[in-house]
Amino acid sequence: ATRRRRRRRRGMSTRRRAGGARKMKAFSRVETLATATAFDRALRRKDQLVLVEFVSNYSPSSKSMAPYMQTLARTAEFKRIRFVRVDIEAVPAVAEKCNVKALPTYQLYKNGEKLEEMSGALPSKLVAMLKEHNVKDAAGGLKKALGLIFAIVGGIVGVIKLKHEVEAREARAIKEEEARVLAERTRKQKEIEERRRRVAQAERGLPATPTPEEEDDDDDEWEDDDEWEDDE
């Protein structure tokens with residue numbers, strides 16, 4: 001009975017350790033890329049920094065850097081960076097394509113373009129590289145956000161300016177129409193008054209007084225007569 005209890009306890013501890021290992025693996029932010037297709041897909045992520053760690057199981061330096069990679073991947077400062085690992089024995093074509101000469105090698109990519117590279121188990125140098133490009137990436141994101149804000153503000157200002165121009169043209173058109181209507185009313189009122197004046201003169205037996213327009217016409221006729229006389 002004592003042996004059975006010991007066996008049960010050993011089995012329980014083994015299962016706990018196995019479960020704990022699976023839990024640690026589930027929370028790992030360092031993604032292992034096992035194919036060239038997965039590698040290409042990871043680098044195609046738009047506007048995201050991707051740190052690729054090239055390692056090998058036979059490299060002690062690669063194994064010594066594993067805890068540092070997990071720590072960096074969980075750091076809030078580098079949460080926008082994607083951490084991936086490539087085993088050069090599992091995917092030799094990728095290592096050859098990326099010209100990996102030493103282990104471990106770290107290459108930083110963005111939009112498929114390699115930004116920087118370093119080799120060796122040097123945690124401080126790796127952190128400095130990540131910080132430099134992470135700050136640049138954050139600044140670039142801020143510039144894009146500001147550019148978008150300025151574009152929106154500029155568009156709003158343009159719409160307001162266009163609105164004011166349209167309103168000004170409409171106001172000018174209304175004023176011109178009002179002036180035309182007023183001039184037409186004044187002309188008609190003068191015609192009515194002139195007809196009334198002539199009717200009143202006719203009723204009293206007075207000769208009709210020519211209007212200023214008619215006087216101008218008479219002057220033109222007299223000038224024409226003078227010209228005929230001079231010709232004779």
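This is a walk through the structure, one selection at a time.

**Stop 1: the whole chain**

Keep in mind that you are looking at a predicted model. Show everything as a cartoon: there are 6 helices and 5 strands, and from start to finish the chain goes α-β-α-β-α-β-α-β-β-α-α. Switch on a surface and you have about 17400 Å² of accessible area, with 55% of that on carbon and sulfur atoms. Of the 232 residues, 22% are buried. If you like contact maps, take the contacts between residues at least 6 apart in sequence: 68% of them join residues at least 24 apart.

**Stop 2: the sheet**

Now select the strands. The 5 of them make an open, mixed sheet, ordered β1-β3-β2-β4-β5. Where are the edges? Pick β1 (30–32) and β5 (113–119): each has a single partner strand, so one side of each has no neighbour in the sheet. Look at the twist while you are here, since neighbouring strands are turned by 25 degrees against each other on average, ignoring direction.

**Stop 3: two helices on the sheet**

Add residues 36–43, which are helix α2. Helix α2 packs on the sheet and touches β2 (49–55), β3 (82–87) and β4, with its direction at about 150 degrees to that of β2. Next add helix α3, residues 60–74. Helix α3 also packs on the sheet, with β1, β2, β3 and β4 as the strands it touches, and its direction makes about 160 degrees with that of β3.

**Stop 4: strand β2**

Hide the helices and zoom in on β2. Are its residues mostly covered or uncovered? Mostly covered: 7 of 7 are buried. Turn on the side chains and you can sort them by direction: Leu 49, Leu 51, Glu 53 and Val 55 point one way, while Val 50, Val 52 and Phe 54 point the other.

Then check the partners of β2. With β3 the pairing is parallel, over 6 bridges; for an example, pick Val 55 and its bridge partner in β3, Asp 87. Bring α3 back and trace the chain from β2 through α3 to β3: that β-α-β crossover is right-handed. Towards β4 there are 6 bridges as well, and those two strands run antiparallel. Val 50 has Tyr 109 as its bridge partner in β4, and Phe 54 has Thr 105.

**Stop 5: Arg 85**

Select Arg 85, in strand β3. Buried or exposed? Its relative accessibility is 15%, and the cut-off for buried is under 20%, so Arg 85 counts as buried. Draw a distance to Glu 53: the two side chains share a polar contact of 2.9 Å. Glu 53 is itself one of the buried residues of β2. Show the other residues that Arg 85 touches beyond four places in sequence, among them Val 30, Glu 31, Thr 32 and Leu 33, and also Ala 66, Met 69 and Gln 70.

**Stop 6: β4 and its hairpin**

Go across to strand β4, residues 105–110. Here 5 of the 6 residues are buried, so the strand is largely enclosed by the rest of the structure. Besides its bridges to β2, β4 pairs with β5 in the antiparallel sense over 6 bridges. To see the register, label Thr 105, which stands opposite Ser 119 in β5, and Tyr 109, which stands opposite Lys 114.

The hairpin has 2 residues between its strands. Select Asn 111 in that loop and read off phi: a positive value of about 55 degrees, though this is not a glycine. Asn 111 is partly exposed, with a relative accessible area of 44%.

**Stop 7: the loop before β4**

Finish with the loop between α4 (92–97) and β4, where you will find Pro 104. What kind of peptide bond joins Leu 103 and Pro 104? A cis one, with omega at about -10 degrees. Asn 99 lies in this loop between α4 and β4 too, and its phi is positive, near 60 degrees. Asn 99 is partly exposed, at 45% relative accessible area. As background for these picks, most residues other than glycine have a negative phi, and most peptide bonds are trans.

How values were computed:
Residues are numbered from 1 along each chain as its sequence is written. This is a predicted model: local features need pLDDT of at least 70, side-chain atom pairs count only at pLDDT 80 or more; totals for chains, interfaces and linings use all residues. Side-chain values use heavy atoms; hydrogens and water are left out. Two strands pair if DSSP finds at least two bridges between them. Helices (H or I, at least four residues) and strands (E, at least two) are DSSP runs, numbered from the N terminus. Axes are lines fitted to C-alpha atoms, for helices over the stretch in contact, and angles run from 0 to 180 degrees between N-to-C directions. Contact means heavy atoms within 4.5 Å. Buried means under 20% relative accessible area, exposed over 50%, partly exposed in between (1.4 Å probe, protein chains only). A crossover is right-handed if, with the strands pointing away from the viewer, the path from the first strand over the helix to the second runs clockwise. Accessible areas come from the Shrake-Rupley method with a 1.4 Å probe; for residues, only the protein chains shown count as cover. A polar contact is a pair of N or O atoms within 3.5 Å; within protein, one must be able to donate a hydrogen and the other to accept it, and residues adjacent in sequence count only if both atoms are side-chain atoms.
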